[in-house]
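Colleague: I've got a model open and would like to learn how to read it feature by feature. Could you walk me through it?

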Amino acid sequence: MSCLTACEGQISDALNPRNPGPGGTNNPPPAVEQPARSVRVARLTHAQWLSSVKDLLKLDAPPTALAQTFRADPAQSGFLFGNDARALAVDEALWSAYQRAAADLAEQVATDATKLGRLLPAGDTTDEARARAFVESFGLRALRRPLTADEVETYLALYRQGPRGYPSMAAFQGGLRMVLEGFLQSPLFLYRVERSTQAADGKVPLDGFEVASRLSYALWNSMPDDALFAAAREGLLSKREGVAAEARRMMADPRARDVVDAYHQVIFDVPRYGRILPNPTRFPNVTAKLAESAAKENALFVQDVVFGRKGRFTDLLTSRDTFVNDELARIYGLTGTFTADFVPATLDGTQRRGILTQVGFLASHATSLEPDPIHRGVYLSERILCQKIGAPPANIPALPAPNGRTNREVVTSHTEAPGTVCATCHATLINPLGFPFENFDAVGAYRTTDNGHPVDASSSPGIGGQKVSVKDALDLADALANAQGVHACYARHWVEFLSGRPAAEEDEALVQRLGRLSQSGQLSIVDLVVEVVTGVGFVSRHPEELP
């Protein structure tokens with residue numbers, strides 16, 4: 001695909017949207033919110049397995065060493081996140097690793113009186129009665145629903161094989177070891193299985209325990225806790241207000257912070273920060289820890305906006321309040337005494353506004369010597385505007401030496417020459433989104449001159465269906481924060497992340513509603529998340545499942 005053909009449709013979508021659907025297409029959204037096709041049997045991700053095992057067995061720490069033996073999950077092409085259920089399968093290698101992990105964990109717990117005691121129900125009765133109580137209580141948590149009578153009897157039969165399987169152990173402990181191995185190897189533990197099949201009004205309502213699992217793995221990346229199981233058992237999750245109450249409780253739990261951080265690390269491309277390697281001759285005062293510092297600032301900033309300030313997506317795009325250490329303070333030009341410890345700081349409002357003017361984004365989208373408006377523009381188009389840009393043609397030559405020109409002049413002459421295949425893409429989509437950041441050098445420091453010439457950061461990018469004139473990155477941040485399509489893109493990413501699947505046409509009514517509410521300032525980020533998990537597409541399934 002050439003640059004021209006890759007961009008023609010995107011230019012039309014960016015400048016002339018007609019109810020754009022997922023990724024900027026022109027499919028009209030459904031009139032009502034409804035569930036999209038999804039996978040009914042979703043395997044736990046490795047991170048979810050780790051946290052589930054820790055919570056299920058009430059361990060002091062997750063068994064990280066065991067999970068490191070699992071083969072890596074493949075990335076699903078075109079999907080930003082690592083939890084796409086379509087890609088999560090069990091092959092022979094992974095199944096063998098699950099078996100070894102189950103045997104190891106069962107031995108650890110069954111041979112440790114303290115660990116086993118945490119799992120045993122209270123009561124001083126016969127071993128058989130205690131085993132039955134254990135199977136019922138532990139089974140509820142392992143399979144994330146009450147066991148059927150047949151399932152209870154199956155696990156009790158496994159318990160009775162303990163003396164034969166582990167003759168050197170006491171019969172009770174050996175039996176429970178067998179039961180633990182059985183549960184930890186069960187497909188009903190390793191997969192989140194949604195058994196509801198009764199359709200009504202074009203959707204399949206999930207039962208309370210299925211909703212509880214969706215909530216817990218979306219917001220905590222782990223199994224439900226006792227309160228969530230109780231809400232499911234009492235029927236509270238059959239009503240929107242009950243789901244919302246549990247979602248808000250869960251978002252206030254520290255476990256939600258890790259999930260929110262994981263989402264924003266992907267959206268803001270934080271793994272790319274590891275590529276920050278400025279030239280030591282050009283930037284002698286920058287240390288090898290700049291990438292680490294930038295990632296720490298990003299995490300602290302996001303957590304403060306989402307949980308500390310109960311902020312909105314607009315705040316992520318426009319806030320000047322952040323956290324710095326001594327190195328970041330130097331780059332930001334802050335006065336005062338700073339150390340290696342991070343402290344709150346307010347950046348210069350004439351130079352900085354929001355996460356896109358922070359060091360992490362700027363320095364990770366730069367070469368070792370110069371800012372990189374091309375990759376800055378591509379990032380904004382794809383992650384912030386949900387406008388996918390096709391791959392460039394092969395064998396594109398590197399940017400030439402400046403030879404007295406500004407960085408913008410070099411990029412313009414190299415990518416926007418009339419008649420070239422890349423001119424359309426760069427002149428209309430990519431460069432207009434990247435050039436507003438020319439006031440920031442390769443480490444994110446503010447500058448007003450480039451190679452002895454005044455910096456020109458003005459541009460006219462396509463945002464929200466029209467070209468918007470901006471004079472610099474501050475104007476661009478405001479324009480993005482005011483665009484409903486940008487807020488809808490952010491909401492679309494949340495739908496994908498929380499649902500573990502790509503956004504579908506059926507999601508568009510919800511995405512556009514959340515985009516409107518977010519842009520108008522009516523939703524905090526926490527509110528937005530709650531809206532997603534209380535939506536009809538989250539608490540019910542489409543009658544047809546994905547293959």
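Modeller: Sure, and keep in mind that this is a predicted model. Let's start with one residue, Y159, which lies in helix 7, residues 149-159.

Colleague: Okay, is Y159 buried or exposed?

Modeller: The number to look at is relative accessible area, and under 20% counts as buried. Y159 comes out at 7%, so Y159 is buried.

Colleague: And which residues is Y159 in contact with, leaving aside its neighbours within four places in sequence?

Modeller: Y159 touches D127, E128, A131, A171, F172, G175, L176 and V179. Take A131 from that list: A131 and Y159 are 28 residues apart along the chain, and their C-alpha atoms are separated by 7.5 Å.

Colleague: A131 makes me curious about helix 6, residues 127-143. How does helix 2 pack against helix 6?

Modeller: For a helix pair, read the angle and the axis separation together. Helix 2 (residues 46-57) and helix 6 pack at about 165 degrees, and their axes are 10 Å apart. Angles over 145 degrees count as roughly antiparallel, so helix 2 is roughly antiparallel to helix 6. The crossing of helix 2 and helix 6 is right-handed.

Colleague: Which residues make that contact between helix 2 and helix 6?

Modeller: On the helix 2 side you have D55, L56 and L57, and they meet F138, R141 and A142 of helix 6. Sorted by class, this contact of helix 2 with helix 6 has four nonpolar residues, two charged and no polar.

Colleague: Now the cysteines. How many disulfides does the structure hold?

Modeller: The general idea: a disulfide is a covalent bond between the sulfur atoms of two cysteines. The structure holds one disulfide. C386 and C489 form it, with sulfur atoms 2.0 Å apart.

Colleague: Where do C386 and C489 sit?

Modeller: They link distant parts of the chain, 103 residues apart. C386 is in the loop between helix 19 (373-384) and helix 20 (407-415), while C489 belongs to helix 23, residues 484-499.

Colleague: What handedness does the disulfide of C386 and C489 have?

Modeller: Check the torsion about the S-S bond. For C386 and C489 that torsion is about 85 degrees, so the disulfide is right-handed. As for accessibility, C386 is buried at 9%, and C489 is buried at 0%.

Colleague: While we're at helix 23, how does helix 23 pack with helix 24?

Modeller: Helix 24 covers residues 508-519; helix 23 and helix 24 pack at an angle of about 125 degrees, with axes 7 Å apart. That makes helix 23 oblique to helix 24. Helix 23 passes helix 24 in a right-handed crossing.

Colleague: And which residues of helix 23 meet helix 24?

Modeller: From helix 23 you get Q484, H487, A488, A491, R492 and V495. Their partners in helix 24 include L510, V511, L514 and R516. By class, the contact of helix 23 with helix 24 has six nonpolar, six polar and three charged residues.

Colleague: One last case: what about V443, buried or exposed?

Modeller: V443 sits in the loop between helix 21 (423-434) and strand 6 (449-450). With 3% relative accessibility, V443 counts as buried. Leaving aside its neighbours within four places in sequence, V443 is in contact with P278, F283, V286, L290, I331, V359 and A363.

Colleague: What separates V443 from E181?

Modeller: Between their C-alpha atoms you get 52 Å, and along the chain V443 and E181 are 262 residues apart.

Notes: Residues numbered from 1 in each chain as written. Predicted model: local features only at pLDDT ≥ 70, side-chain atom pairs only at ≥ 80, totals over all residues. Heavy atoms only, no water. Disulfide = S-S within 2.5 Å. Helix = DSSP H or I, 4+ residues; strand = E, 2+ residues; numbered from the N terminus. Buried < 20%, exposed > 50% of the residue type's maximum accessible area, 1.4 Å probe, protein only. Axes fitted to C-alpha atoms, helices over the stretch in contact; angles between N-to-C directions. Parallel < 35°, antiparallel > 145°, perpendicular 65-115°, else oblique. Left-handed = near helix turned anticlockwise from the far one by under 90°. Contact = heavy atoms within 4.5 Å. Nonpolar A, V, L, I, M, F, W, Y, C, P; charged D, E, K, R; others polar.
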